[in-house]
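Welcome, and take a moment to turn the structure around before reading on. We will go through it one part at a time.

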Amino acid sequence: MEADVGVVEGGRQSGRALVRELSVRVGWVGLAVYAASLPISIAGMQIGLGVALAALVALRLAGRRVWVRTPVNAPVALVVGAAVASIALAWGVGLPPASVNAALFWRGLVAPLVVAFSLEATLDGDDAAAPRRRALALVLLWSAAAIVPALVAWAQVRTGFDPLHALGLRDVPRRAPAPGDPTHFAAIGFFSWYPRFAHAMTPVAALSLALALFAPLRLRTRVFLGAAGVAAAAAVVLTTSRSAWAGLAVGALTLALLAGRRLARVAVPIAVACSIVAALASPVLRNRLASAFEANVNQDRATIWRVCGAVVRDHPLTGVGFGALPDRSYAYYERFAPAWKMRAWCHDTFFTAWAEGGPLLAFAFVAWWILLARAFLGFRRTGDALGRAASLGVLAALAALFVNALVHDLFWATEPVYALGLLLGAGVVIARPRPG
């Protein structure tokens, strides 16, 4: 009898071990799909991340601890908690979510944790550096995928070519005429509009270039990362987005300033020169930058900010709930600008956060940036050469996206939110000091 019990128990243990191994491997496959889809397909990135999340759940049910303590956990938990709380508070004052999707609009914000935990999930026999190698492989895959829309962007500027329409995935071709220049178009890649494309490509450009310049990798790997980073940065410039160009310039300066005192003396002038050359090389972007402060250019944001200001005045403490502003602002647009067609968020991350979640959500997003900057600055001081390079890339990307966040709704678009997920999740795994 005791022998039979032992056989049963052994079978259960071996069955659980098999489930754990399959879960870990399936999670890695999900991350690979996610990374390869980030510059190309919203459906692909969501499916890949969903598979990785499901694998983590299965791994936990099989008895494996999946939670890993990282400096990314607190800022992610803070913004997710504040977003959920804003929905509950708005519901409490009579503003329920319009749909289940609206109630779960915050789900993309947890992406960094799914990425980090999936990378840290190990198999028997893995050494301490295995998660780092997987994270670096994921970044290489992300960089390779970014080259595809970067090449498409060059064709789009002249022709307005829509690859999704050509593939039969979009009934009507989507083209973004370049403002003030009817002979050119803004690059949108495989996405719906040029700011989304710019925000999705900025993180991979920053991280790839930082690793190419500073990481102790093989020469061919660094050359590949450098080429991918330059291609992604060029695609951002081809969107003709002024804030995206300014973000790249600030990101380049951040990379130069944090590279070290000796390098900074040379790197800062180079970063400034490259930013100026990039702007001058694009006639459309050059004209847009020259007209950035003209009164008529900013009338659209003046209208949007007027509506958002009215929403904040009516709901100063609770907001209208995370993700609910397009629906809740409809009546305000009917009152202030009935002919206005673009009725979305506030075109300012922190203004939108206040309108949707009051001071709680706005301060949560401020804290998100501060906590992440502090964490990766710490890794820059304490990490090895590879960790420091990854930290520089993450810091440069965060600086660039902060600039964009001042005039765009960064956390309310799928493409940049999911790109941030890989940037932070893989970045923290590479940057964290570990034995061996």
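Let us begin with helix 18, which covers residues 414-431. Keep in mind as you look that this is a predicted model. At 1.5 Å a residue, the 18 residues of helix 18 should span 26 Å, and the C-alpha atoms at its ends are 25 Å apart, so expectation and model agree. Is helix 18 enclosed or open to the outside? Of its 18 residues, 17 are buried, so the rest of the structure largely encloses helix 18.

From here we can move to the nonpolar core. In soluble globular proteins, nonpolar side chains tend to be buried together. The largest nonpolar core in this model has 122 residues. Which of its members touch the most others? They are Tyr34, Leu211, Phe376 and Phe411. Phe411 is a good one to look at in detail. Setting aside neighbours within four places in sequence, Phe411 is in contact with Leu109, Phe322, Thr349, Phe365, Trp368, Trp369, Val417 and Leu420.

Next, let us turn from packed side chains to empty space. Rolling a probe the size of a water molecule over the atoms shows where such space is left. The second largest pocket has a volume of about 770 Å³. It is lined by 30 residues, and those closest to its centre are Leu209, Leu248, Ala252, Ala271 and Cys274. Several helices give two or more residues to this lining: helix 8 (194-214), helix 9 (219-238), helix 10 (242-258), helix 11 (261-281) and helix 17 (385-405). Helix 11 supplies the largest share, nine residues. What kinds of residue make up the lining of the second largest pocket? By class, 26 are nonpolar and four are polar, while none is charged.

One of the helices just named, helix 9, also holds Phe224. With a relative accessibility of 30%, Phe224 counts as partly exposed, because that class lies between 20% and 50%. Beyond residues up to four places away in sequence, Phe224 touches Leu140, Ser143, Ala144 and Ile147. For a sense of distance, Phe224 and Thr159 are 65 residues apart in sequence, and their C-alpha atoms lie 28 Å apart in space.

Our last stop is Pro283, found in helix 12 (residues 283-290). Is Pro283 buried, partly exposed or exposed? Its relative accessible area is 37%, so Pro283 is partly exposed. Pro283 and Ile188 are 95 residues apart in sequence, with 17 Å between their C-alpha atoms.

Note on methods. Residues are numbered from 1 along each chain as its sequence is written. This is a predicted model: local features need pLDDT of at least 70, side-chain atom pairs count only at pLDDT 80 or more; totals for chains, interfaces and linings use all residues. Side-chain values use heavy atoms; hydrogens and water are left out. A nonpolar core is a set of buried Ala, Val, Leu, Ile, Met, Phe, Trp, Tyr and Cys residues joined through side-chain atoms within 4.5 Å. Buried means under 20% relative accessible area, exposed over 50%, partly exposed in between (1.4 Å probe, protein chains only). Contact means heavy atoms within 4.5 Å. On a 1 Å grid over the protein atoms alone, a cavity is a set of points where a 1.4 Å probe fits but cannot get out, and a pocket is an open set with protein on both sides within 12 Å along at least five of seven lines; lining residues have an atom within 4 Å of a point. Grid points are joined across faces, edges and corners, and a volume is the space filled by probe spheres set on the points. Helices (H or I, at least four residues) and strands (E, at least two) are DSSP runs, numbered from the N terminus. Ala, Val, Leu, Ile, Met, Phe, Trp, Tyr, Cys and Pro count as nonpolar, Asp, Glu, Lys and Arg as charged, and the others, Gly among them, as polar. The expected span of a helix is 1.5 Å times one less than its number of residues.
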